[in-house]
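User: Hi! I've just opened this one and would love a quick tour. Could you walk me through it?

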Amino acid sequence: MADFKLESSYKPSGDQPEAIKRLLASINQPNRYQTLLGVTGSGKTFTMANLIAKSGKPTLIMTHNKTLAAQLYSEFRSFFPHSHVEYFISYYDYYQPEAYLPRQDLFIEKDSSINEELERLRLSATASLLSHDDVIVVASVSANYGLGSPQDYKEIVQKLRIGQEYAQRELLLRFVDMGYKRNDAYFDRGDFRVNGEVIDIFPAYNEELAYRVEFFGDEIEVIYSFNPLTGEKIADYKEATIYSTNPFIVGKEKLATAIKSIELELGERLNYYQKEGRMVEYNRLKQRTEFDLEMLESTGVCKGIENYSRHLTGKKEGETPYSMLDYFEMMYGDDYMVMVDESHVSLPQFRGMYAGDRSRKEVLVDHGFRLPSALDNRPLRFEEYINKAPTYLFVSATPSNIETELSIEVAEQIVRPTGLLDPLITVVNSENQVAHLHDEIKKVITNNQRVLVTVLTKKMAEELSTFYNDMGIKTQYMHSDLDAIERNQIIRGLRVGEFDVLVGINLLREGLDLPEVALIGILDADKEGFLRSTTALIQTAGRAARNVDGRVLMYAKRITNSMQECIDTTTERREKQISYNIKHNITPKTTTRSLDTNLKVEDSGEIYNKASKAQKMPASERQKIVKELKAKMLAASKRLDFEEAARCRDEIAKIKTL
């Protein structure tokens with residue numbers, strides 16, 4: 001049992017104490033599956049933190065996108081400042097997977113931009129799992145993708161101890177085998193340098209700490225860490241452990257075995273193409289794979305090494321690949337936990353990952369761009385994922401059937417510590433919905449509050465926005481045709497009062513925390529479907545739960561089952577919340593949220609002003625702007641501001657199309 005010390009000025013309140021008690025009992029039972037049904041603003045994250053602290057289980061927290069993962073990472077680092085809270089998401093700022101379009105005979109080369117800071121954080125997560133008990137890893141769907149063998153990663157380490165003898169040349173060759181490069185000129189992560197009997201090594205997973213090892217002959221005399229920028233000594237050590245730079249790196253013997261296995265598969269595949277008379281595919285595969293084999297033999301790595309993961313890890317064809325879950329399993333056995341945040345979205349996304357990845361790679365394999373073993377470099381299938389860990393906690397305001405059917409315990413967290421109520425829902429005849437909503441909007445904006453309106457089509461969003469603007473109400477629309485930059489600018493504009501009404505489709509459900517919104521209008525609420533399902537309606541209504549005056553208007557000619565379930569659920573929650581507030585003498589207040597958090601879109605000054613006029617610029621000027629934007633994108637990614645990084649990325653893409 002790991003020692004997690006939870007630090008917070010808050011204490012569990014509202015429904016939190018009962019939810020923590022019930023879920024902890026279920027986890028200790030032990031039951032494999034449990035669900036936390038918590039409304040927006042009820043403090044679900046704090047409940048999750050308490051469960052980790054009280055159960056003492058190392059935990060993998062997963063969610064469906066990077067933005068939510070970044071929020072959770074920040075929160076859990078503040079809750080557990082003395083534990084090893086790690087961050088594991090895709091390390092690409094930009095990623096275009098390789099693909100082939102047979103009809104056009106078009107091969108799209110893999111194109112990516114690796115974020116070095118995110119790569120370091122991933123390595124830090126795997127290294128912490130092998131070194132500590134009090135580990136919390138916050139991850140995106142990336143944790144479901146294949147990784148190298150955790151056993152091999154654990155074995156490809158170099159332990160350094162004072163008093164032990166090492167032949168310096170052999171030690172340096174060992175560092176090379178682990179993926180480190182000698183660099184005496186520019187010392188960076190993943191490098192080592194040599195000065196006489198002193199070796200400096202900068203671990204790939206550390207940010208501001210390198211190790212200096214001083215020898216007397218072949219014996220280690222001194223080990224200490226230092227700041228690689230300033231050279232300032234940090235701490236002395238009796239021993240230090242250095243991990244490899246890549247989870248796919250294996251020892252020499254296994255690498256030799258893998259190369260033979262790849263050569264054997266290549267020979268079989270080339271024979272197949274020769275018999276079929278497909279010489280284009282024959283030559284294509286032969287050239288690409290032989291080049292990769294040469295790189296593996298000479299350096300131990302190659303571009304796209306993950307496509308040979310089945311050979312490198314010794315897995316059989318079709319066998320479940322290694323993933324982040326295997327690192328937890330190897331170190332903690334059955335004493336760890338997986339928490340799935342926003343599970344009603346995350347689980348369906350996990351389910352769909354395998355099929356999409358498979359269909360793309362089957363085309364590549366069939367046309368000779370990859371060996372068939374590349375199909376085993378894949379994300380986990382849903383049934384593999386859901387049966388892998390010993391303990392799961394699903395967290396959502398609207399859990400779907402799979403969570404509730406699997407879970408032995410479903411704990412509800414309805415009461416908010418702030419005392420805020422679920423919004424009041426009113427059903428209005430949709431005969432004159434646009435005119436009626438116009439009158440309601442005018443009442444709201446006189447109080448300096450904002451309005452969200454959901455419609456069913458892009459055309460309706462645009463036309464309604466134009467109509468209300470003509471009527472003197474400042475309105476904007478938002479739908480999927482707008483890129484990340486424009487969406488973020490629009491959301492910020494709503495919050496600061498540049499306009500009063502935002503019209504959208506399904507983009508207004510999860511992930512928008514807007515305390516300024518006091519009214520939500522749902523047009524055509526009786527049109528049953530994905531956008532008007534019970535889950536969608538409850539999530540949409542929840543956007544008004546941050547404001548004390550929050551209310552929802554559903555425009556319909558009839559009350560559908562989804563509408564009725566939403567109304568019944570919200571009414572039941574309101575009654576419980578009101579009763580709690582009366583009993584504890586709580587007066588609800590609108591939450592406050594500064595503009596420098598999630599929805600932050602900084603004014604990027606001259607860069608973006610120039611970018612907007614890029615079409616009229618000479619190519620040399622556009623290249624300068626791209627360079628500036630790329631530097632800004634990398635800086636934003638390093639501080640985990642993915643909204644800003646996405647904005648820069650989209651601007652770069654726009655300019656490159658010119």
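Analyst: Happy to. Let's begin with a helix pair: L255, I259, I262, E263, L266, R269, L270, Y273 and Q274 in helix 7 meet M279, E281, Y282, L285, K286, T289, E290, L293, L296 and E297 in helix 8. Bear in mind that this is a predicted model.

User: Nice. At what angle do helix 7 and helix 8 pack, and how far apart are their axes?

Analyst: Helix 7 (residues 252-276) and helix 8 (residues 279-299) pack at about 170°, and their axes are 9 Å apart. Since angles over 145 degrees count as roughly antiparallel, helix 7 is roughly antiparallel to helix 8.

User: Good. What's the mean pLDDT of the protein?

Analyst: The mean is 87, with 91% of the residues at 70 or more. One stretch to treat separately is 596-612, where the pLDDT is below 50. That stretch still has 42 contacts in the model beyond near neighbours in sequence.

User: Switching to sheets. In what order do the strands of the open sheet come?

Analyst: The order is 20-25-24-21-23-22, which makes 6 strands with parallel pairing. On average, neighbouring strands of this sheet are turned by 20° against each other, direction ignored.

User: Which strands stand at the edges?

Analyst: Strand 20 (424-429) and strand 22 (475-478). Each has a single partner strand, so one side of each is left without a neighbour in the sheet.

User: And how many bridges pair strand 22 with strand 23?

Analyst: There are 4 bridges, in the parallel sense, with strand 23 covering residues 501-504. As one example, T475 has V501 in strand 23 as its bridge partner.

User: Which strands does helix 14 touch?

Analyst: Helix 14 (residues 433-445) packs on the sheet and touches strand 20, strand 21 (450-454), strand 23, strand 24 (517-522) and strand 25 (551-556). Its direction makes about 170° with that of strand 25. There is also helix 18 (residues 561-583), which lies across strand 20 and strand 25 and runs at about 150° to strand 20.

User: Great, now electrostatics. How many salt bridges does the structure hold?

Analyst: It holds 34. A pair that ties in with the sheet is E440 and R551, whose closest N and O atoms are 2.9 Å apart. E440 sits in helix 14 and R551 in strand 25, so this salt bridge links distant parts of the chain, 111 residues apart.

User: Is E440 buried or exposed?

Analyst: E440 is buried, with a relative accessible area of 10%. Its partner R551 counts as partly exposed at 26%.

User: Where does E329 sit, and where is K388?

Analyst: E329 is in helix 10 (residues 324-332), while K388 is in the loop between helix 12 (382-386) and strand 18 (392-396). They are 59 residues apart in the chain, and they form a salt bridge with the closest N and O atoms at 3.9 Å. E329 is partly exposed at 38% relative accessible area, and K388 is partly exposed at 22%.

User: What about K527, which side chain does it meet in a salt bridge?

Analyst: The side chain of D524, at 3.8 Å from N to O. K527 is partly exposed, with a relative accessible area of 43%.

User: Last one: which residues are joined into one network by salt bridges that share partners?

Analyst: E98, R288, D292 and R370.

Key. Residues numbered from 1 in each chain as written. Predicted model: local features only at pLDDT ≥ 70, side-chain atom pairs only at ≥ 80, totals over all residues. Heavy atoms only, no water. pLDDT = per-residue confidence, 0-100. Contact = heavy atoms within 4.5 Å. Pairing = 2+ DSSP bridges. Helix = DSSP H or I, 4+ residues; strand = E, 2+ residues; numbered from the N terminus. Axes fitted to C-alpha atoms, helices over the stretch in contact; angles between N-to-C directions. Salt bridge = Lys/Arg side-chain N within 4 Å of Asp/Glu carboxyl O. Buried < 20%, exposed > 50% of the residue type's maximum accessible area, 1.4 Å probe, protein only. Parallel < 35°, antiparallel > 145°, perpendicular 65-115°, else oblique.
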